[in-house]
Amino acid sequence: QVRLVESGGGLVQAGGSLRLSCAASGSIISIRSMGWYAQAPGKRRELVADITSDGSTNYADSVKGRFTISRDNAKNTVYLQMNSLKPEDTAVYYCNSRLIGTRAAGVFWGQGTQVTVSS
């Protein structure tokens with residue numbers, strides 16, 4: 001069984017920083033990509049950033065220059081360094097991974113971690 005476990009959310013003032021982590025565990029053969037999505041109240045879940053196994057990254061326009069995604073392939077872990085946070089970044093952040101496991105392949109999601117940015 002594959003699991004994605006996020007950590008690092010919390011409450012921060014505008015202009016502050018947070019670092020999110022997500023570790024994939026279980027019977028994993030290979031991971032194609034890992035990423036982060038955000039879902040604010042009343043809105044749909046949207047891509048924040050993702051990174052492929054070869055290190056290629058993709059960012060939403062709203063976070064370019066403020067957020068950095070990175071990955072430790074040996075630990076099956078992805079990080080999201082969030083700087084210069086704004087109140088509009090407030091959302092539940094979900095980890096996402098496209099991977100192949102011994103029993104299943106496809107897209108997997110974490111349980112989500114709350115990020116709240118106060119003004």
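The exercises below work through ring contacts, a disulfide, a pocket and two backbone angles in the structure above.

The model is predicted, so local features are taken only where pLDDT is at least 70 and side-chain atom pairs only at pLDDT 80 or more, whereas totals for chains, interfaces and linings use all residues. Residues are numbered from 1 along each chain as its sequence is written, and side-chain values use heavy atoms, with hydrogens and water left out.

**Exercise 1. Classify the pairing of the rings of Tyr37 and Trp109, and place both residues in the fold.**

Solution. Begin with the rule: rings of Phe, Tyr and Trp (its six-membered ring) pair if their centres lie within 6.5 Å, and planes under 30 degrees apart count as stacked, over 60 as edge-to-face and the rest as tilted. By this rule the count comes to one aromatic pair. The ring centres of Tyr37 and Trp109 are 5.0 Å apart and their planes stand at 70°, so the pair is edge-to-face. Next, locate the partners, taking strands as DSSP runs of E of at least two residues, numbered from the N terminus. Tyr37 belongs to strand β4 (residues 28–39) and Trp109 to strand β10 (residues 105–109), so the pair ties together parts that are 72 residues apart in sequence. Finally, consider accessibility, where buried means under 20% relative accessible area, exposed over 50% and partly exposed in between (1.4 Å probe, protein chains only). Tyr37, at 18%, counts as buried, while Trp109, at 36%, counts as partly exposed.

**Exercise 2. Determine how far the charged end of Arg19 sits from the centre of the ring of Tyr79, and treat Arg45 and Tyr94 likewise.**

Solution. A charge sits over a ring if NZ of Lys or CZ of Arg is within 6 Å of the ring centre and within 35 degrees of the ring normal. The charged end of Arg19 sits over the ring of Tyr79 at 4.1 Å from its centre. Arg45 lies over the face of Tyr94, and here the distance to the ring centre is 3.6 Å.

**Exercise 3. Describe the disulfide of Cys22 and Cys95, including its handedness.**

Solution. The criterion is a pair of cysteine sulfur atoms within 2.5 Å, and a search of the whole structure finds one disulfide. The sulfur atoms of Cys22 and Cys95 are 2.0 Å apart, and the link is left-handed, with -80° about the S-S bond. This pair links distant parts of the chain, since Cys22 lies in strand β3 (residues 18–25) and Cys95 in strand β9, 73 residues apart. Both ends are buried, Cys22 at 1% relative accessibility and Cys95 at 0%.

**Exercise 4. Identify which strand supplies the largest share of the lining of the largest pocket.**

Solution. On a 1 Å grid over the protein atoms alone, a pocket is an open set of points where a 1.4 Å probe fits, with protein on both sides within 12 Å along at least five of seven lines, and lining residues have an atom within 4 Å of a point. The largest pocket is lined by 18 residues, of which Ala38, Glu46, Ser62, Glu88 and Asp89 lie nearest its centre. Strands β4, β5 (46–52) and β9 (91–101) each supply at least two lining residues, and the largest share, three residues, comes from β5.

**Exercise 5. Locate Asn76 and Ser84, and report their phi values.**

Solution. Asn76, a residue other than glycine, has a positive phi near 50° and is found in the loop between β7 (67–72) and β8 (77–82). Ser84 is not a glycine either, yet its phi is positive at about 50°, and this residue is found in the loop between β8 and β9. Asn76 is partly exposed at 24% relative accessible area, and Ser84 counts as partly exposed at 41%.

Definitions and conventions:
Helices (H or I, at least four residues) and strands (E, at least two) are DSSP runs, numbered from the N terminus.
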